[in-house]
Amino acid sequence: MSGTVAMHSVFVYGSLVADDVVRLLLNRVPPTSPAILPDFHRFSIKGRVYPAILPAQADKVSGKVLFGITDDELYILDEFEDIEYQRDNVHVFLTDSSEKLETKTYIWANKDDPDLYGTWDFEEWKQVHMEGFLEMTEEFAQEVKFPESET
């Protein structure tokens, strides 16, 4: 195996905007930059505390890009986002430089989901749901890091 490690960038727009959540998952907070994802909408999901994004003309989603994500970290993010999301490449604009960047993000897999509604609000999530979400994330992170042996 060669010693090279592929580095990825990932646009996040929900719970992963919170450094505390990222730190629990990755044991670090990678470099970030605020960014805008054009032509998408961030929905709330009935019965869930995290959002979903889907393509939507003339709309945009604000979030940030995590830089320098390793393959292992990408695996953890994939597991965290689960099968309800599809990882895809999108183009975002970095807010501080207006630079256009191709990056990965997680798009809601069910484009016709009847449980999507309204617009998800990060500040409201932070106040209402973040504490409980951090506990759940910590449990998840421990399970991913220490998988039970297959024997």
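This passage describes the annotated domain, the salt bridges and a charged surface patch in a predicted model.

It is convenient to start with the annotated region. In UniProt, an unreviewed entry lists residues 10-121 as "domain: Gamma-glutamylcyclotransferase AIG2-like". Across this stretch of the predicted chain, strand accounts for 50% and helix for 17%. The C-alpha atoms at the two ends of residues 10-121 are 20 Å apart.

Attention now turns to charged side chains. Side chains of opposite charge can pair when their charged atoms come close. In this model the count comes to 6 salt bridges, with a side-chain nitrogen of Lys or Arg within 4 Å of a carboxyl oxygen of Asp or Glu as the criterion. Three of them are described here, beginning with the pair formed by Glu84 and Arg48.

The side chains of Glu84 and Arg48 meet with an N to O distance of 2.7 Å. This pair links distant parts of the chain, the two residues being 36 residues apart. Glu84 sits in the loop between helix H2 (71-81) and strand S4 (85-94), while Arg48 belongs to the loop between strand S2 (32-45) and strand S3 (52-69). Glu84 counts as partly exposed because its relative accessibility is 24%, a value between the 20% and 50% limits of that class. Arg48, at 33%, likewise counts as partly exposed.

A further salt bridge joins Asp78 to Arg87, and here the closest N and O atoms are 2.6 Å apart. Asp78 has a relative accessibility of 25% and so counts as partly exposed. For Arg87 the value is 37%, which again means partly exposed.

The pairing of Glu123 with Lys126 is found within a single helix. Both residues lie in helix H3 (residues 122-128), 3 residues apart, or about one turn of the helix. Their closest N and O atoms are 3.7 Å apart, and the contact is a salt bridge. Glu123 is partly exposed, with a relative accessible area of 43%, and Lys126 is partly exposed at 38% relative accessibility.

Not every charged residue is paired in this way. On the surface, Glu131, Glu135, Glu138, Glu139 and Glu143 gather in a patch of negative charge. Residues qualify for such a patch because they have over 30% relative accessible area and no salt bridge, with like charges joined within 9 Å. One of the patch members, Glu139, is found in helix H4, which spans residues 130-145.

Methods:
Residues numbered from 1 in each chain as written. Predicted model: local features only at pLDDT ≥ 70, side-chain atom pairs only at ≥ 80, totals over all residues. Heavy atoms only, no water. Patch = residues over 30% accessible without salt bridge, like charges linked within 9 Å, V, L, I, M, F, W, Y side chains within 5 Å. Areas by Shrake-Rupley, 256 points an atom, 1.4 Å probe, with all protein chains shown as cover. Lys, Arg positive; Asp, Glu negative; His and termini not counted. Charge placed at Lys NZ, Arg CZ, Asp CG, Glu CD. Helix = DSSP H or I, 4+ residues; strand = E, 2+ residues; numbered from the N terminus. UniProt positions renumbered as here; feature names shortened; annotations may be inferred. Buried < 20%, exposed > 50% of the residue type's maximum accessible area, 1.4 Å probe, protein only.
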